[in-house]
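Reader: I am new to this structure and would like a close look at one part of it. Please take the charged pairs and say where their partners sit.

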Amino acid sequence: MESNQPTHASFTLTSTALLSLVGHLSDFPNPDDSNPPGPWGPVIRRAAERARYLLGPSPEPWNEVLLNPQPLPPKAAFAQALAQEAIDRAALMQEVADALTQAGERQGIIIIGGMVSRFIDDCGNGKIKHPVPPPRHSDGRLGALELLVMAAEFERSATATNHEGLRREFGNASARLVEIAAGRLQSATVRSAG
């Protein structure tokens, strides 16, 4: 004869495990994300959200290879969103620095310049990758086209800003991205010729 009594069990659940149940609602990084958590994780996630907003819902728009009605190829749209996110963060940092005393303003642009420089370095050395796993023949690094799109976005922002320090940093970032893209194109040309 079966009992109609409910069975009660007790268990221990850590707060981290409990929060992981709603991980997409919290600030915890997705463990399946191809980009490991790091200083650029939030920038990459926000850029992916921007690209999704512009290009539409799932399936991930940058996986579509056939006829794409968007004005930019999907990877280039992600690269543009990535540059916009980095630019927005640098501009926000400058606004905070401007709210400080005059001494803070000079120190602020030095810090912002360092952040933008690290961002460009990490785009060039492969630390910043596309948010989706790369195809088998690719290492996931940003390609020459994506770097050129980012350079154009930094150049556009350099001409649009009234802040001399940001104009200089964004112009330098654009020039460095063009240099990295040219190097990628040159090495691809050498590989295809050899």
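Author: Arg50 is partly exposed, at a relative accessible area of 22%. Asp88 is also partly exposed, at 40%. This is a predicted model, and in it the side chains of Arg50 and Asp88 meet in a salt bridge, with 2.2 Å from N to O. Arg50 belongs to helix H2 (residues 41–55) and Asp88 to helix H3 (residues 74–99), so the pair ties together parts that lie 38 residues apart in sequence.

A search of the whole structure finds eight salt bridges. Another of them joins the side chains of Asp121 and Arg176, at 2.0 Å from N to O. Here Asp121 lies in helix H4 (residues 102–125) and Arg176 in helix H6, so this pair ties together parts 55 residues apart in sequence. Asp121 counts as partly exposed at 35% relative accessibility, and Arg176 is partly exposed at 27%.

Helix H6 covers residues 164–193. Within this helix, Glu164 forms a salt bridge with Arg167, and their closest N and O atoms are 2.6 Å apart. The two are three residues apart in H6, so about one helical turn separates them. Glu164 has a relative accessible area of 49% and is partly exposed; Arg167 is partly exposed at 30%.

Some salt bridges share partners, and these join Arg46, Glu49, Arg50, Glu85, Asp88 and Arg89 into one network. The Arg50 and Asp88 side chains described at the start, which meet in a salt bridge, are both named in that network.

Technical notes
Residues numbered from 1 in each chain as written. Predicted model: local features only at pLDDT ≥ 70, side-chain atom pairs only at ≥ 80, totals over all residues. Heavy atoms only, no water. Helix = DSSP H or I, 4+ residues; strand = E, 2+ residues; numbered from the N terminus. Expected span 1.5 Å × (residues − 1). Salt bridge = Lys/Arg side-chain N within 4 Å of Asp/Glu carboxyl O. Buried < 20%, exposed > 50% of the residue type's maximum accessible area, 1.4 Å probe, protein only.
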